[in-house]
Amino acid sequence: PSTGRISNSSTSSGTLASANSAVGQPQPSDQNTLVQRAEHIPAGKRTPMCAHCNQVIRGPFLVALGKSWHPEEFNCAHCKNTMAYIGFVEEKGALYCELCYEKFFAPECGRCQRKILGEVINALKQTWHVSCFVCVACGKPIRNNVFHLEDGEPYCETDYYALYGTICHGCEFPIEAGDMFLEALGFTWHDTCFVCSVCCESLEGQTFFSKKDKPLCKKHAHSVNI
């Protein structure tokens with residue numbers, strides 16, 4: 001069986017923020033989104049400096065990314081349209097309206113083929129929505145947990161071992177891919193778990209006896225009642 005870990009780091013360099021967008025809504029199941037919105041501040045006693053033109057703003061202004069902007073100068077770096085009333089995304093030091101970001105930068109989900117505006121899962125050489133990369137058994141998002149592949153389908157660790165895994169008779173923990181194991185007394189054991197039930201001496205490669213499915217070394221085979 002194949003195993004792996006997934007990375008949930010976004011392929012973009014954008015700043016992650018929780019917000020909803022009225023235009024080009026992200027997937028409803030996305031708990032996080034790169035799309036942000038500017039805050040509208042009415043004119044008052046404050047006279048902040050515009051981050052675009054570096055001039056004092058004497059009327060209403062916008063606040064975004066901790067900076068202040070003239071409303072007419074808060075524009076998309078690509079289409080130049082105002083972003084005063086729509087969502088925007090910071091990408092590689094520039095600001096883009098969410099439509100341009102979706103068109104030019106957002107990765108495509110390997111399952112639904114829709115653009116990903118929120119948290120990105122990188123797995124199996126593809127990108128996925130969190131809600132699209134799920135265990136085929138329980139349907140829960142795998143996120144950055146260990147997963148296993150069976151017939152090309154991902155399974156969370158719990159369901160994989162429940163359906164396909166082998167449990168060590170000694171410690172009752174799964175025998176994972178790469179573990180050394182042996183078969184004895186009709187059971188499967190980690191090589192380090194197949195020991196005498198009395199003295200815990202390793203029985204691997206040794207003559208052993210059993211009572212009630214419990215392995216015993218030669219020394220304790222006839223001297224102990226189990």
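Leaving aside its neighbours within four places in sequence, which residues is Met83 in contact with? Select Met83 in this predicted model and show what surrounds the side chain. Beyond those sequence neighbours, Met83 is in contact with Phe74, Asn75, Cys76, Phe88, Leu95, Tyr96 and Cys97.

Next, add Phe74 and Tyr101 to the selection. Together with Met83, these residues touch the most other members of the largest nonpolar core, which has 19 residues. To see where the core comes from, colour strand E3 (61-64), strand E5 (88-91), strand E6 (94-97) and helix H1 (98-104), each of which supplies at least two of its residues. E6 gives the largest share, three residues. In general, nonpolar side chains in soluble globular proteins tend to be buried together.

Now select Val120, Cys132, Cys135 and Tyr161. They are among the 17 residues of a second, separate core.

Move on to strand E14 (residues 214-217), where Cys217 lies. Cys217 counts as buried because its relative accessibility is 5%. Leaving aside neighbours within four places in sequence, Cys217 is in contact with Cys196, Cys199, Leu203 and Phe209. Select Val195 as well: its C-alpha atom is 7.9 Å from that of Cys217, although 22 residues separate the two along the chain.

The last two stops concern the backbone. Most residues other than glycine have a negative phi. Arg143, in the loop between strand E8 (126-129) and strand E9 (146-150), has a positive phi, near 50°. Arg143 is partly exposed, at 27% relative accessibility.

Finish at Glu172, in the loop between helix H2 (157-163) and strand E11 (181-184). Phi of Glu172 is also positive, near 65°, and this residue is exposed, with a relative accessible area of 63%.

Technical notes
Residues numbered from 1 in each chain as written. Predicted model: local features only at pLDDT ≥ 70, side-chain atom pairs only at ≥ 80, totals over all residues. Heavy atoms only, no water. Core = buried A, V, L, I, M, F, W, Y, C linked by side-chain atoms within 4.5 Å. Buried < 20%, exposed > 50% of the residue type's maximum accessible area, 1.4 Å probe, protein only. Helix = DSSP H or I, 4+ residues; strand = E, 2+ residues; numbered from the N terminus. Contact = heavy atoms within 4.5 Å.
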